Amino acid sequence: MPKKGTHSPRAPISDPRDPHGWHALTETFCEWMAVQNYSPKTVDNRRTYLRYFVQWALERGLHQPMEVTKAILERYQRHLFHYRKRDGLPMSARSMHARLIPVRAFFKWAARQNRNLYNPASEIDLPRSEKRLPKHVLNVSEVETILARCNLADPLGIRDRAMLETFYSTGMRRSELANLKVMDLDYERGTVMVRQGKGRKDRMIPIGERALAWIKRYLDEVRPSLVREPDAGTLFLTNLFEPFTPNRLTQLVRDYIDAAELGKRGSCHLLRHTCATLMLEGGADIRFIQQLLGHAELSTTQIYTQVSIQKLKQVHAATHPARLERSDRNGEAAASAKPKLPGQASPAP
């Protein structure tokens, strides 16, 4: 990879006139995904990651997908493993996984559509997924500290408080909050409809009374000044009279978390993690958490059982034989179980 500030040679380009070339077939593949009702985000992501592979293949003189073999794909996988980013760090297993999935899907499609004689990616093993815990999770007092940073003398501060309360109460994703409509709220039932969430799935989830109260205040006092006709009904609007983009939401929430000076970093997903973890510690069943967060697989939700440590600490304190104080059969404190400090004399017999 060239050093920062230097110019790399011009990358080779696939011939768009070749019906069997990369350009024609990758665009046909993306069109097929759109016809099959894949979400626009999925189509865009796969197009982007396919371009990385196509660029790598063109640099090695491979101008058509039919020239790719299993050995070449294994070579690309080794390339990803040895690749180093600008900061010198290797690509994570999750990133390698994300780059290989679209390549494997493309060749599977090409073989089924008779664009390739066979599927060279059929036996490619993906990197083993890493099971990482969230780096930070907030406690109740820390969340309240963040919420208190909103300047309620400013109308936008009221809007921000309503958004933060919604994240904290529902654990929804940033794109889901950005797409909320006013009509998605049901005050009587205390629910909110998340439309076309991840996987293009709708789901109805509960939202707390406090969050609803802040949303109502925002709707009454702030939103009318942010609306421009015709009103599309988007719930949360920016000071530019338009819906939030996911990146702008990320920056807004991150600024409030940094301003709270808790020593913890994060953004929208930190509030999502916190919502799930605190509910589990409060006794919620993990399947309810799965439904709340919109996880397709229970295994995705089970990560929060490892973050929710309070119950495990209680069991550990009550049952581990090396705890500070123990009781003998007669209920008397066993002094021998107490650790003796350095220099402390033994008790007189």
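Helices here are DSSP runs of H or I with at least four residues, strands are runs of E with at least two, and both are numbered from the N terminus. The model is predicted.

**View 1. The whole chain holds 15 helices and three strands.** The protein chain has 349 residues, and 38% of them count as buried. Take the contacts in the chain with a separation of 6 or more: residues 24 or more positions apart account for 58% of them.

**View 2. The cis peptide bond sits between Glu229 and Pro230.** Omega of this bond is about 0°. Pro230 belongs to the loop that runs between helix 9 (223-226) and helix 10. Most peptide bonds are trans.

**View 3. Phe241 has a positive phi, near 70°.** Phe241 is not a glycine. Most residues other than glycine have a negative phi. Phe241 lies between helix 9 and helix 10, in the loop. Its relative accessible area is 37%, which makes Phe241 partly exposed.

**View 4. The largest nonpolar core has 43 residues.** Which of its members touch the most others? They are Phe167, Met172, Leu177, Tyr218, Phe236, Leu249 and Val253. Several elements give two or more residues to this core: helix 5 (140-147), helix 6 (155-170), helix 7 (174-178), strand 2 (191-194), helix 8 (209-221), helix 10 (246-259) and helix 11 (268-281). Helix 6 supplies the largest share, six residues. Another core lies apart from this one. That second core has 30 residues, among them Cys30, Ala57, Met91 and Leu100. In soluble globular proteins, nonpolar side chains tend to be buried together.

**View 5. Phe167 is one of the core residues with the most fellow members in touch.** Set aside its neighbours within four places in sequence. Phe167 then contacts Met172, Arg173, Arg174 and Leu177. Its contacts also include Leu249, Val253, Cys268 and Leu271. Leu249 and Val253 are in helix 10. Cys268 and Leu271 are in helix 11.

**View 6. Helix 10 packs on helix 11 at an angle of about 70°.** The two axes are 8 Å apart. Angles of 65 to 115 degrees count as roughly perpendicular, so helix 10 is roughly perpendicular to helix 11. Helix 10 brings Leu249, Thr250, Val253 and Ile257 to the contact. Helix 11 meets them with Cys268, Leu270 and Leu271. By type, the contact residues are six nonpolar, one polar and no charged.

**View 7. Helix 1 spans residues 22-35.** Its 14 residues reach 20 Å from the first C-alpha to the last. That is close to the 20 Å expected at 1.5 Å a residue. Which residues of helix 1 are buried? They are Trp22, Ala24, Leu25, Thr26, Phe29, Cys30 and Met33. An α-helix has 3.6 residues a turn, so residues three or four places apart point the same way. Helix 2 (40-59) and helix 4 are among the elements that cover the buried residues of helix 1. Cys30 also belongs to the core of 30 residues. Asn37 follows helix 1 and has a positive phi, near 70°.

**View 8. Helix 2 crosses helix 4 at roughly 90°.** Their axes come within 8 Å. The two helices are therefore roughly perpendicular to each other. From helix 2, the contact uses Arg46, Tyr49, Leu50, Tyr52 and Phe53. From helix 4, it uses Ala98, Arg99, Ile101, Pro102, Val103, Ala105, Phe106 and Phe107. These residues divide into eleven nonpolar, two charged and no polar.

**View 9. Asn114 has a positive phi, near 60°.** Asn114 is another residue type than glycine. Where does Asn114 lie? The loop between helix 4 (93-112) and helix 5 holds it. Is Asn114 buried or exposed? With a relative accessible area of 66%, Asn114 is exposed.

**View 10. Pro127 is in the loop between helix 4 and helix 5.** Buried means under 20% relative accessible area. Pro127 has 16%, so it is buried. What does Pro127 touch, not counting residues up to four places away in sequence? Its partners are Gln77, Ala93, Met96, His97 and Leu100. Leu100 is also a member of the core of 30 residues. Pro127 and Ser95 are 32 residues apart along the chain, and 9.7 Å separates their C-alpha atoms.

Key. Residues numbered from 1 in each chain as written. Predicted model: local features only at pLDDT ≥ 70, side-chain atom pairs only at ≥ 80, totals over all residues. Heavy atoms only, no water. Core = buried A, V, L, I, M, F, W, Y, C linked by side-chain atoms within 4.5 Å. Buried < 20%, exposed > 50% of the residue type's maximum accessible area, 1.4 Å probe, protein only. Contact = heavy atoms within 4.5 Å. Expected span 1.5 Å × (residues − 1). Axes fitted to C-alpha atoms, helices over the stretch in contact; angles between N-to-C directions. Parallel < 35°, antiparallel > 145°, perpendicular 65-115°, else oblique. Nonpolar A, V, L, I, M, F, W, Y, C, P; charged D, E, K, R; others polar.
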